[in-house]
Every structure is written in C-alpha cells, then in structure tokens.
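Subject: Structure handover and findings

Dear colleague,

Here is the structure I promised to pass on to you. Please look it over first, and then read the notes below, which go through what was found in it.

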Amino acid sequence: MEKDEIKFQVGGAIADEIKNAREKRGWTLYKLAEKSGIPAGNLHRIENGLSCPRVDTVQRICYALKIEISFPLKI
C-alpha cells in the first residue's frame, strides 16, 4: 500500500467519525467551525475526504465535539 493511499484511507476514516459526531449533535459546519476555531471551508474539505487533517486539527475538532478518535481506525 502506498503512502498516499494510506493517507487517503486514514483521512476518510477520520472524516466519517467527525461528520457522524457533528450530525449526531445536530450541528452545522458553521457551528463546529465556531466551536473549534477551524474555518467551515476547511471542515467541509475534511469531512468530504478532500483533505487529510493534521493531528492538531483533529484534536481541536475532537475537543469541540467532546469525542475521542482512537486507533486503529476502521480502514
């Protein structure tokens, strides 16, 4: 498996977890942006698997959503 393929799969798994947690709370992307300090456009790209977020970005999102993403992810 190539590095880019792994990055894509990890980014997708994280995206699914974040989107599910956000929707479970009934939050819009704008609400999560407000709570996390991450622009809604960046969150959109993360949730749609177009961007693999850095660890510190994931931490900020998780803190805002009050969730933990543990490894191994289901990829």
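**Overall make-up**

The protein chain contains 4 helices and 0 strands, and along the sequence these elements follow the pattern α-α-α-α. Please keep in mind throughout that this is a predicted model. Of the 75 residues in the protein chain, 36% count as buried. Among the contacts in the protein chain with a separation of 6 or more, 60% are accounted for by residues 24 or more positions apart.

**Helix 2 and its two partners**

Two packed helices are described by the angle between their axes and the distance between the axes. For helix 2 (residues 29–36) and helix 3 (residues 40–47), the axes come within 9 Å and cross at roughly 115°. That angle makes helix 2 roughly perpendicular to helix 3, and the crossing in which helix 2 passes helix 3 is right-handed. On the side of helix 2, the residues that take part are Leu29, Tyr30, Leu32, Ala33 and Ser36, and they meet Ala40, Leu43, His44 and Glu47 in helix 3. Sorted by class, this contact of helix 2 with helix 3 has 6 nonpolar, 2 polar and 1 charged residues.

Helix 2 also packs against helix 4 (residues 55–65), at an angle of about 105° and with the axes 9 Å apart. Helix 2 and helix 4 are therefore roughly perpendicular to each other. Here the contact is made by Leu32, Lys35 and Ser36 of helix 2, together with Arg60, Ile61, Ala64 and Leu65 of helix 4. The residues of the contact of helix 2 with helix 4 divide into 4 nonpolar, 1 polar and 2 charged. Leu32 and Ser36 appear in the contact with helix 3 and also in the contact with helix 4.

Another residue of helix 2 that you may wish to look at is Lys31, which counts as partly exposed because its relative accessibility is 31%. Lys31 and Ala64 are 33 residues apart in sequence, while their C-alpha atoms are 9.9 Å apart in space.

**Salt bridges**

How many salt bridges does the structure hold? There are 2 salt bridges in the structure. One of them joins the side chains of Arg22 and Glu47, with an N to O distance of 2.7 Å. This pair links distant parts of the chain, since Arg22 belongs to helix 1 (residues 3–24) and Glu47 to helix 3, with their positions 25 residues apart in the numbering. Both Arg22 and Glu47 are buried, and Glu47 is also one of the helix 3 residues that helix 2 meets.

A salt bridge is also formed by Asp56 with Arg54, where the closest N and O atoms are 2.8 Å apart. Asp56 is partly exposed, with a relative accessible area of 34%, whereas Arg54 is exposed, with a relative accessible area of 57%.

**Two buried isoleucines**

Ile46 lies in helix 3 and counts as buried because its relative accessibility is 4%. Leaving out residues up to four places away in sequence, Ile46 touches Ala15, Ile18, Ser51, Pro53, Thr57 and Ile61. Between Ile46 and Ile14, which are 32 residues apart in sequence, the distance from C-alpha to C-alpha is 8.2 Å.

Ile69 is found in the segment after helix 4, and with a relative accessible area of 16% Ile69 is buried. If its neighbours within four places in sequence are set aside, Ile69 is in contact with Ile14, Glu17, Ile18, Val58 and Cys62. The C-alpha atoms of Ile69 and Ile18 are separated by 8.8 Å, although the two residues are 51 residues apart along the chain. Ile18 is thus listed among the contacts of Ile69 and among those of Ile46.

**A backbone detail after helix 4**

The segment after helix 4 also includes Lys66. Is Lys66 buried or exposed? At 71% relative accessibility, Lys66 counts as exposed. Lys66 is not a glycine, yet Lys66 has a positive phi of about 60°.

With kind regards

Technical notes. Residues numbered from 1 in each chain as written. Predicted model: local features only at pLDDT ≥ 70, side-chain atom pairs only at ≥ 80, totals over all residues. Heavy atoms only, no water. Axes fitted to C-alpha atoms, helices over the stretch in contact; angles between N-to-C directions. Parallel < 35°, antiparallel > 145°, perpendicular 65-115°, else oblique. Left-handed = near helix turned anticlockwise from the far one by under 90°. Contact = heavy atoms within 4.5 Å. Nonpolar A, V, L, I, M, F, W, Y, C, P; charged D, E, K, R; others polar. Buried < 20%, exposed > 50% of the residue type's maximum accessible area, 1.4 Å probe, protein only. Salt bridge = Lys/Arg side-chain N within 4 Å of Asp/Glu carboxyl O.
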